[in-house]
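Welcome to this short briefing on a protein chain. Take a moment to turn the structure around on your screen, and then we will walk through it together.

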Amino acid sequence: MDAGRCPGAAPVMSRAPFAGQNAGMPMRGHPQGIRRRSCLLATLPWLWVPALAADGPLREAMRRAEALRDEALRAGDQPFGAVVLRGELIVGAAPSRVVTTTDPTAHAEMEAIRDAARRLRTRDLSGCVLVSTSRACRMCEAAAGWAGISRLVYGEALTDAGVPR
């Protein structure tokens with residue numbers, strides 16, 4: 001393996017550093033995007049990105065979201081679960097409650113954001129990561145953006161959906 005190069009990643013200096021927005025970063029939605037981004041960031045010792053540095057807490061949060069998904073299914077609801085993570089601590093969690101509450105906005109992500117805001121007693125969830133069993137819909141992504149969620153991560157592979165818009 002070449003020095004400064006991770007398996008499956010493009011050469012680190014394939015573009016001039018800081019040549020523009022996302023220089024050297026893989027395209028959004030690329031299946032190996034997280035690995036490539038992690039490899040690139042590993043070559044920059046002065047740059048520390050907490051969620052990419054260790055995915056242990058993300059794995060645990062995803063296991064909790066999957067348990068909530070199963071809980072939603074047992075309750076007769078849609079198969080979705082979501083967790084809000086601040087650092088290594090789960091501050092909000094919820095299954096989908098659309099069918100059981102007859103509320104079309106009670107998506108797992110929305111309910112997890114509400115739970116986190118209630119527990120933390122603030123609407124500002126800056127620095128938090130929303131972990132969900134599936135990609136957030138437009139409504140949930142917008143709510144995450146309004147709440148100040150820093151990143152969206154979804155699916156068993158912990159796909160990084162980036163900053164909510």
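In which helix does proline 57 lie? Proline 57 belongs to helix 3, which covers residues 56–74. Keep in mind as you explore that this is a predicted model.

**The chain as a whole**

- The chain has 165 residues, and buried residues make up 36% of them.
- Its secondary structure amounts to six helices and five strands.
- Reading from the N terminus, you will meet the elements in the order α-α-α-β-β-α-α-β-α-β-β.
- About 9700 Å² of the chain is exposed, with 56% of that area supplied by carbon and sulfur atoms.
- If you take the contacts between residues at least 6 apart in sequence, 47% of them join residues at least 24 apart.

**Proline 57 and its contacts**

- Back in helix 3, proline 57 offers an example of contacts between separate parts of the sequence.
- Setting aside neighbours within four places in sequence, proline 57 is in contact with Leu85, Gly87 and Glu88.
- Proline 57 and arginine 86 are 29 residues apart along the chain, and 9.6 Å separates their C-alpha atoms.

**The two sides of helix 6**

- Helix 6 spans residues 138–147, and its buried residues are Cys140, Glu141, Ala143, Ala144 and Ala147.
- Looking down the axis of helix 6, you would find these buried residues within an arc of 160°, so they line one face of the helix.
- On the face turned away from the buried side, helix 6 carries the exposed residues Arg138 and Trp146.
- What covers the buried residues? The cover includes helix 5 (108–120), strand 3 (128–132) and strand 4 (151–154).
- After helix 6 comes glycine 148, which has a positive phi, near 90°.

**The hairpin of strands 4 and 5**

- Strand 4, which you have just met as part of the cover over helix 6, also pairs with strand 5 (residues 159–162).
- The pairing of strand 4 and strand 5 is antiparallel and runs over three bridges.
- For a specific pair to look for, find valine 153, whose bridge partner in strand 5 is aspartate 160.
- Together, strand 4 and strand 5 form a hairpin, with four residues between the strands.
- Glycine 155 sits in the turn of this hairpin and has a positive phi of about 80°.
- As a general point to take with you, side chains in a regular strand alternate between the two faces of the sheet.

How values were computed: Residues are numbered from 1 along each chain as its sequence is written. This is a predicted model: local features need pLDDT of at least 70, side-chain atom pairs count only at pLDDT 80 or more; totals for chains, interfaces and linings use all residues. Side-chain values use heavy atoms; hydrogens and water are left out. Buried means under 20% relative accessible area, exposed over 50%, partly exposed in between (1.4 Å probe, protein chains only). The arc is that of the directions from the helix axis to the C-beta atoms. Contact means heavy atoms within 4.5 Å. Two strands pair if DSSP finds at least two bridges between them. Accessible areas come from the Shrake-Rupley method with a 1.4 Å probe; for residues, only the protein chains shown count as cover.
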